[in-house]
Amino acid sequence: MDKRVHELLNQQINKEFYSAYLYLDFSNYFKAAGLDGFANWYMIQAQEERDHAMLFYQYLQNENMPVTLEAIEKPDKEFKAHIEVFEAGLEHEKYVTSLINEIYAAAYAVHDFRTMQFLDWFVKEQGEEETNANDLITKMELFGGDPRSLYLLNQELAARVYSAPSLVL
Ligand code: FEO
């Protein structure tokens with residue numbers, strides 16, 4: 001495997017674990033605010049991010065490439081309003097999309113078609129992640145200001161259940 005592609009794939013393990021850590025922090029924020037449904041939504045989001053990290057980990061191992069685990073950064077965002085959490089989520093997903101695109105471009109440059117095929121799932125997944133984050137912002141803008149609507153939105157987000165990723169390595 002190309003050195004740069006390997007570096008970026010290895011780095012992505014850390015980035016995905018950081019995403020899990022960040023969303024766990026978002027869940028923690030909402031739990032403290034008494035919004036259990038919102039907390040549930042981000043708890044499941046954190047589980048999905050851990051799955052993403054493990055997919056990169058497994059891919060490198062399947063390719064007989066070494067894995068190096070690095071320190072996970074501290075999530076340190078401060079929020080003055082609930083909607084800021086969702087906005088930070090969207091911003092973060094856009095950043096992750098840029099990272100996936102960077103790995104894809106590096107793989108493309110060296111004709112690493114296997115890595116490109118592996119990343120195809122993530123390209124699609126990032127589209128879904130950004131759409132979900134955008135939808136949450138829209139819902140908060142529409143309903144977040146009214147306590148009764150906020151209660152119903154909290155119930156809606158409480159219904160989210162975990163499902164394992166569709167990509168199997
Ligand atoms: Fe692993 Fe939310 O992207």
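For the classes used on this tour, Ala, Val, Leu, Ile, Met, Phe, Trp, Tyr, Cys and Pro count as nonpolar, Asp, Glu, Lys and Arg as charged, and the others, Gly among them, as polar. The model is predicted, with local features needing pLDDT of at least 70 and side-chain atom pairs counting only at pLDDT 80 or more, while totals for chains, interfaces and linings use all residues. Residues are numbered from 1 along each chain as its sequence is written, and side-chain values use heavy atoms, with hydrogens and water left out.

Select the largest pocket first (a pocket is an open set of points on a 1 Å grid over the protein atoms alone, where a 1.4 Å probe fits, with protein on both sides within 12 Å along at least five of seven lines; lining residues have an atom within 4 Å of a point). Its lining holds 6 nonpolar, 4 polar and 8 charged residues, and of these 18 residues the closest to the centre are Glu 48, Glu 128, Glu 129, Asn 132 and Arg 160. Helix H4 gives the most to this lining, with 8 residues (helices are DSSP runs of H or I, at least four residues, numbered from the N terminus).

Next, select residues 147-158, which form helix H5. Leu 150, Leu 153, Asn 154 and Leu 157 are its buried residues (buried means under 20% relative accessible area, exposed over 50%, with a 1.4 Å probe and protein chains only). Seen down the axis of H5, these fall within an arc of 105°, so they line one face of the helix (the arc is that of the directions from the helix axis to the C-beta atoms). Turn to the other side of H5 to find Arg 148, Tyr 151 and Leu 152 exposed.

Notes:
Helix = DSSP H or I, 4+ residues; strand = E, 2+ residues; numbered from the N terminus. Expected span 1.5 Å × (residues − 1).
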